[in-house]
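I am opening the notebook on this entry with the coordinates loaded, and I will work from one side chain outward to the whole fold.

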Amino acid sequence: MSLVLFFPGLTPTRYDAIGDFVTTHRHAERRFAEADEVLGYPLIEAYKNASIYDWEVYQSGYMALTLALADWAEEHYGERPELCGGQSYGAVMAAVRAGALSYADALRLMARSVQVEQDYFSSQREPIGCHFFYKLSYDTVQKLIEEFRAQGLWMELSVAFDTSVHAVSAHQDTLTRFEQRVREEGGMPFYTVDRAEHCSALARLRDRLADEVYGTVTWRDTTIPMISDVDGRCLTSGEEIKQDLLDGWTTPVHWRTVMDGIGRAGGDRVWIPGPRNMFARISNRAYPTRVISPKTALAA
């Protein structure tokens with residue numbers, strides 16, 4: 001049986017929740033310093049005033065933070081994972097830990113992708129986005145999606161995370177109405193991002209990223225297998241991981257896919273680096289789970 005290092009998807013995290021760790025721990029200092037070199041600006045300073053809509057800064061900071069926490073955990077606990085994986089954006093960090101991408105290339109991939117994404121989403125005739133919410137069952141969510149589709153409106157399920165945490169992609173004006181229906185059904189809206197996520201409507205964006213970005217970095221075979229969040233397979237070649245990350249743009253995230261993939265790969269324990277997040281609660285139902293957070297590292 002194997003230890004799995006699992007990187008969660010991007011979650012809204014204020015600088016004051018991570019500042020002490022990223023400015024005092026040598027692993028964080030190293031990861032942020034290398035990011036400064038690749039990006040050409042001081043990432044920590046930029047992150048202090050960033051929001052989830054500052055895509056490059058926020059995603060770079062999240063990558064540096066989670067990889068630094070993973071570095072610290074392996075050193076502190078004296079263990080190395082036999083498997084790794086990631087959900088949504090976390091799959092990019094998993095590709096780094098698996099050895100398929102260098103950290104510098106992952107930062108370049110992210111920065112170049114952001115340029116294409118911003119161009120793509122700004123060119124849409126109507127603004128589109130993705131709304132995250134919780135406390136509704138999967139069946140209720142499907143009922144609401146069909147309700148909006150019956151009105152001739154585009155809407156797709158993007159995330160089925162746990163039995164009550166979901167996200168849908170649609171036009172922004174549709175999402176405003178959808179948020180109200182979520183409340184009426186007893187659900188709790190969480191937040192809306194200014195882009196669609198994990199849905200078939202992003203096929204053209206996926207193709208652009210494949211043509212313009214993913215071929216500009218070097219992909220290598222892995223040093224440890226990476227569990228796909230698209231279909232749960234164990235991936236070992238750079239080409240497989242490249243295609244898997246691209247497929248993640250057009251494939252809804254289902255938490256069960258990852259949980260089943262961990263089991264099939266022989267995983268029996270899970271480490272999750274990053275700010276505290278809901279995936280740790282889900283994972284802990286199936287496997288003993290250790291959260292590797294800034295608070296954990298500082299307390300040690």
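Leaving aside its neighbours within four places in sequence, which residues is Tyr214 in contact with? I find Leu109, Ser113, Leu209, Trp219, Lys242, Leu245, Leu246 and Trp249 in contact with Tyr214, where contact means heavy atoms within 4.5 Å.

Before going on, I note that this is a predicted model, in which local features need pLDDT of at least 70 and side-chain atom pairs count only at pLDDT 80 or more, while totals for chains, interfaces and linings use all residues. Residues are numbered from 1 along each chain as its sequence is written, and side-chain values use heavy atoms, with hydrogens and water left out.

**Cores.** I looked up the largest nonpolar core (a set of buried Ala, Val, Leu, Ile, Met, Phe, Trp, Tyr and Cys residues joined through side-chain atoms within 4.5 Å; buried is under 20% relative accessible area with a 1.4 Å probe, protein chains only). It has 93 residues, of which Val22, Met63, Tyr214 and Met226 touch the most other members. Helix α4, residues 55-77, gives the most to this core, with 13 residues; helices here are DSSP runs of H or I with at least four residues, strands are E runs of at least two, and both are numbered from the N terminus. A second, separate core holds 14 residues, including Leu144, Met155, Phe178 and Val182.

**Sheet.** I traced an open sheet of six strands in the order β8-β7-β2-β1-β10-β11, with mixed pairing, two strands being paired if DSSP finds at least two bridges between them. Its edge strands are β8 (234-235) and β11 (289-292), each of which pairs on one side only. Strands β1 (residues 2-7) and β2 (residues 83-86) run parallel and are joined by four bridges, and I see Phe6 standing opposite Gly85 in β2.

**Helices on the sheet.** Helix α5 (residues 90-98) lies across β1, β2 and β7 (226-227), running at about 155° to β2; axes are lines fitted to C-alpha atoms, for helices over the stretch in contact, and angles run from 0 to 180 degrees between N-to-C directions. Helix α11 (residues 255-264) lies across β1, β7 and β10 (267-273), at about 130° to β10.

**Whole chain.** I count 13 helices and 11 strands in the protein. The radius of gyration, taken over C-alpha atoms, is 19 Å, close to the 19 Å that the globule rule (2.2 Å times the number of residues to the power 0.38) gives for 300 residues, so the protein is as compact as a globular protein of that length. Buried residues make up 56% of the 300 residues.

How values were computed
Buried < 20%, exposed > 50% of the residue type's maximum accessible area, 1.4 Å probe, protein only.
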